[in-house]
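Reader: Could you take me through one part of this model in some detail? I'd like a close look at the sheet and whatever packs on it, and then a sense of how the rest of the chain is laid out.

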Amino acid sequence: MTANLTKAEFDVYRYDPTKDAKPRYQRYTLELAPHTPVLSALLQIRAEVDPSLSLRYSCRHAICGSCAMQINSKSRLACQTQIGPEMAKHGRIVIEPMRNQPVIRDLVVDQSPFWRQYDRIEPHLKLDPAHPMPVGQPTSMSPEEVERFKETPRCIACGACYSACPAVESDPEFPGPMALAKLYRFVVDPRDHAHQDRLLRIQPGGLWLCLRCHLCTESCPKDVRPSERIRDLKELAITAQGATEHGSRHAVGFKDNLPDAGVLNEMKLVRQTYGLVGTLGQLGQGIRIYRKKPEILRKPHPIQGVEEVRKIYRALDREEGKE
Ligand code: SF4
Ligand code: SF4
Ligand code: FES
């Protein structure tokens, strides 16, 4: 091994659905400088070792969003991920295609599900027909109005967040973090005339399926912070339309319930979320939980320090101007 070079082992996912019964991992070993991007290593493998390896890329500068893949189980851009830190942390570099999208071949996925969800949110301004955009003139916005969506235009549509999202994995109809972040951008744009309709449609359309795990924000190479934009959308939806269905009622119930005792009253939360009739529909699951955790039926005693919890709530309410 040369002084400045690192021996790097790559276990690369290989699968051609037209020929292979199942996927396999192929090991390639190269000697490379630690700052070498994973994408450059893959291109070297393809040029010098195995021309059959398929991958997608274009700009090589974290701009086009084409080279997103799973690198040591994290959704990353291959052109932005250096091999040195990966080798130091994991001892090898496992490279797999993005998740939540079918594999076309090797590291190339079919991104139709991702783009279908993007189309679904109708990502374009919808103007008031009575006040069309003045032709040939700028439509001004205040700096504060622009500030509200300053992160979302940074998105390069790489799909790393979609690949990382467990809500997409459990329900492919969930719009996904990128589509919701884009939706937020139009909801807060003062020129858009359809924001109420957008909020109305997205509530039963999947907004509340987000698990708040923040994996999308961790994986985003452009700091769009989609999970924060989804949180903002939820707040906007409740403010504009009230708690109209299970997800929003659960969120509001959670907030109202906690200061009573400093711990959740779970039975009360079920009633707050589903209402009386809906709670009866949850009876089967309730009995299963009761068998494992009989104390669920007891009203919780206030914890030591409950007054501290209430103080936090009051401080938050003051911040929001509700007290
Ligand atoms: S925070 Fe929500 S949108 Fe983001 S990865 Fe988790 S479930 Fe998906
Ligand atoms: S939000 Fe971030 S991770 Fe998701 S598509 Fe846009 S740039 Fe990629
Ligand atoms: S090749 Fe363009 S973002 Fe990586």
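Author: Sure. Keep in mind that this is a predicted model. To set the scene, the domain assignment splits the chain into domain 1 (6-108), domain 2 (112-129 + 145-241) and domain 3 (258-319). The centres of domain 2 and domain 3 sit 30 Å apart, going by C-alpha atoms.

Now the sheet. It's an open one built from five strands, and if you walk across it you meet them in the order β2-β1-β5-β3-β4. The pairing is mixed. The two ends of that row are β2 (24-32) and β4 (74-77), and each has a single partner strand, so one side of each is left without a neighbour in the sheet. Neighbouring strands are turned by 35° against each other on average, if you ignore direction.

Take the β4 end a bit more slowly. Strand β3 covers residues 68-71 and runs antiparallel to β4, with four bridges joining the pair. If you want a spot to zoom in on there, A68 stands opposite L77 in β4.

Next, the helices that lie on these strands. Helix α1 (residues 38-49) lies across β1 (6-14), β2, β3 and β5 (93-96), and runs at about 100° to β2. Helix α2 (residues 83-90) lies across β1, β2, β3 and β5 as well, running at about 85° to β1.

Moving on to the ligand: 15 residues surround ligand 1, and the closest are C165, A167, C210, C213 and C216. Three helices, α6 (166-170), α9 (215-219) and α10 (226-241), are the elements that give two or more residues each to that shell. Of these, α10 gives the most, with three residues. By residue type, the shell divides into 12 nonpolar, two polar and one charged.

Stepping back to the whole chain, the secondary structure comes to 14 helices and seven strands. Along the principal axes, the C-alpha atoms fill a box of roughly 65 × 65 × 40 Å. Of the 323 residues in the chain, 29% are buried. And if you take contacts between residues at least 6 apart in sequence, 64% of them join residues at least 24 apart.

Note on methods. Residues numbered from 1 in each chain as written. Chains lettered and ligands numbered in written order. Predicted model: local features only at pLDDT ≥ 70, side-chain atom pairs only at ≥ 80, totals over all residues. Domains from an automatic or database assignment. Near = placed C-beta within 6 Å. Nonpolar A, V, L, I, M, F, W, Y, C, P; charged D, E, K, R; others polar. Pairing = 2+ DSSP bridges. Axes fitted to C-alpha atoms, helices over the stretch in contact; angles between N-to-C directions. Contact = placed C-beta atoms within 7 Å. Buried ≥ 20, exposed ≤ 12 C-beta atoms within 10 Å, placed from the backbone.
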